[in-house]
Amino acid sequence: MDEGLVWQGRHFIYSHIADTTRPPSVDEAAAHFGISTEEASELYKELHNRHALFLNTDEMAIRMANPFSGIPTNFKVHINGKTYFANCAWDMLGIPAALHCDAIIDAICTESNESVEIQIQDGNLRFTNDDLRIHFPLPFTQWYDDLVFT
Amino acid sequence: MLLFRSEEWVDKWCKRNNLERGEMLSIQQVWELSKLWYGNRMSLEYHGRSMEQVADIFKQAGLTAKFWHGQSKQENR
């Protein structure tokens, strides 16, 4: 597959998510690049194989384009009137880091189920609780064994 | 990676799920890591990163424990 198309495809997907908060479908990618649906599917599979995104291959839908989630989660990130979903507690901070924007993060403590709000303003954390912790259950060497669990 | 109100809640979760505790970071630590890890993610020029680059990011973020070291599959988070 053409290397230029691969990375243009990755960039299109990320830009689409930034604009719309959701990943583009294969049909939307095909229309954007003027290629067939089959060719766009191959592009998505290539990006999946390169770990540039994580596909639900049964539906050919983007499940993760880190830090963005393709499905609703308990990690909501509000930026400029849009609401993005993050894959995990790390990625909820990754979204404002990627978009270089202020954010209000609306999340839930995994064990107590209490709501937690975190604000990012001018590149700094605001109004957060110093006791909050993010737990990394697996060492780096095992992160890709089961991405959804990680 | 999951969010907890405090270390106490992490321990409760680990005990309930019969899992060993991994690494716990503060929100400030993960924010600093996020800026290094995701700061160029929207760029057309971002094509993933090498293990050496991953190790350098962890080092810059002050994550020096063995937990953060080692060879993983191709990095592209």
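In which sense, and over how many bridges, do strand 4 (residues 76–79) and strand 6 (residues 103–108) of chain A pair? In this predicted model, the two strands of chain A run antiparallel to each other and are joined over three bridges. Within this pairing, H78(A) is placed opposite I104(A) of strand 6 of chain A.

Strands 4 and 6 of chain A belong to an open sheet of five strands, in which the order is 5-4-6-7-8 and the pairing is antiparallel. The edges of the sheet are formed by strand 5 (82–85) and strand 8 (124–126) of chain A, each of which pairs on one side only. On average, and with direction ignored, neighbouring strands of the sheet are turned by 25° against each other. In general, the strands of a sheet pair through backbone hydrogen bonds, in either a parallel or an antiparallel manner.

Chain A as a whole contains four helices and nine strands, arranged along the sequence in the pattern α-α-α-β-β-β-β-β-α-β-β-β-β. The radius of gyration of chain A is 17 Å, which agrees with the value near 15 Å for a compact globule of 150 residues. The C-alpha trace of chain A spans about 50 × 35 × 25 Å along its principal axes. Of the 150 residues in chain A, 38% are buried. When contacts in chain A between residues at least 6 apart in sequence are considered, 32% join residues at least 24 apart.

The helices of chain A include a packed pair, helix 1 (residues 3–20) and helix 3 (residues 37–49), whose axes lie 10 Å apart and enclose an angle of about 85°. Because of this angle, helix 1 of chain A is classed as roughly perpendicular to helix 3 of chain A. Helix 1 of chain A contributes L5(A), V6(A), G9(A) and R10(A) to the contact, and helix 3 of chain A contributes L43(A), E46(A) and L47(A). By class, the residues of this contact comprise four nonpolar, one polar and two charged.

Chain B has three helices and two strands, which follow one another in the pattern β-α-β-α-α. A radius of gyration near 11 Å would be expected for a compact globule of 77 residues, whereas chain B has 15 Å. Along the principal axes of chain B, the C-alpha trace spans about 45 × 25 × 20 Å. Buried residues account for 23% of the 77 residues in chain B.

The contact between the two chains involves 41 residues from chain B and 40 residues from chain A. On the side of chain B that touches chain A, at least two residues each are supplied by strand 1 (2–4), helix 1 (7–16), strand 2 (23–26) and helix 2 (27–38) of chain B. Helix 2 of chain B provides the largest share of this side, eight residues. The side of chain B that touches chain A is made up of 19 nonpolar, 14 polar and eight charged residues.

Strand pairing also links the two chains: strand 9 (residues 133–136) of chain A and strand 2 of chain B pair in the antiparallel sense over four bridges. In this pairing, I134(A) stands opposite L25(B) of strand 2 of chain B.

How values were computed: Residues numbered from 1 in each chain as written. Chains lettered and ligands numbered in written order. Predicted model: local features only at pLDDT ≥ 70, side-chain atom pairs only at ≥ 80, totals over all residues. Rg over C-alpha atoms; globule rule 2.2 N^0.38 Å. Buried ≥ 20, exposed ≤ 12 C-beta atoms within 10 Å, placed from the backbone. Contact = placed C-beta atoms within 7 Å. Nonpolar A, V, L, I, M, F, W, Y, C, P; charged D, E, K, R; others polar. Pairing = 2+ DSSP bridges. Axes fitted to C-alpha atoms, helices over the stretch in contact; angles between N-to-C directions. Parallel < 35°, antiparallel > 145°, perpendicular 65-115°, else oblique.
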